[in-house]
Amino acid sequence: MPMIDAFIPEGALTPAAEARLMKEITDILIRSEGLDPDSERVQAVSLVFLHRPKVFVAGSAAVTPRYRFIPSVPEGQYSDETRELIVREVTAAVARAEGASFDEVGPRVWVFPNEVADGGWGGRGAIRRLPDILAFLVGENEGKAAAERLANRRRNAAIAILRTALEAAR
């Protein structure tokens, strides 16, 4: 259920390549959340907002296209490994869309996987929390697992803060 802000300069890709890229990026992000990209319910809530920036490098108009992607999901969906995978796979998808190598395109692609804090994801006129969203999309068991994942993440963060405070106090 990602929300993706895709910043692609006008004319950077052919319309067909851009359409394939939007679909491929959506599927990459759905899979990164552990969801099924073939699920109609999941596809229906996975949105791309396409922005057409004018990009400047050192104050001058960019000669080659620069891309920025900001996928946003509710808190608890990404791990460090997931973020790394997303950055790599989105960059590879842009390379395929351009018909260029990963190494050629890589320096011109930025990806910022973003988690929206629990209680900050709003839709359909209400706040939607991760356990409720996943219960709706894939079932009650996944909703319960998401609640446990959030609780564990917060517990681990609190423990890390306490350890740091104890070390500083010594």
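Start by selecting Arg 153, which is partly exposed with a relative accessible area of 27%. Keep in mind as you click around that this is a predicted model.

Now add Glu 115 to the selection. Its side chain meets that of Arg 153 in a salt bridge, 2.5 Å from N to O. Glu 115 sits in strand β7 (residues 114–116) and Arg 153 in helix α6, so this pair ties together parts that are 38 residues apart in sequence.

Next stop: Arg 154. This residue is partly exposed too, at 39% relative accessible area. Bring up Glu 75 alongside, and you'll find a salt bridge between the two, with the closest N and O atoms 2.9 Å apart. Glu 75 is in the loop between β5 (67–74) and α3 (80–98), while Arg 154 belongs to helix α6 (residues 140–169), so the pair ties together parts that are 79 residues apart in sequence. Is Glu 75 buried or exposed? Its relative accessibility is 15%, so it counts as buried, because the cut-off for buried is under 20%.

Don't hide those two yet. Show Asp 118 and Arg 129 as well: together with Glu 75 and Arg 154 they are linked in a network of salt bridges.

For the last stop, go to helix α3 and pick Asp 80 and Arg 83, which lie three residues apart, about one turn of the helix. They form a salt bridge whose closest N and O atoms are 3.3 Å apart. Asp 80 is exposed, at 52% relative accessible area, whereas Arg 83 is partly exposed, at 25%.

Want to keep hunting? The count for the model comes to 12 salt bridges.

Terms used
Residues are numbered from 1 along each chain as its sequence is written. This is a predicted model: local features need pLDDT of at least 70, side-chain atom pairs count only at pLDDT 80 or more; totals for chains, interfaces and linings use all residues. Side-chain values use heavy atoms; hydrogens and water are left out. A salt bridge is a side-chain nitrogen of Lys or Arg within 4 Å of a carboxyl oxygen of Asp or Glu. Helices (H or I, at least four residues) and strands (E, at least two) are DSSP runs, numbered from the N terminus. Buried means under 20% relative accessible area, exposed over 50%, partly exposed in between (1.4 Å probe, protein chains only).
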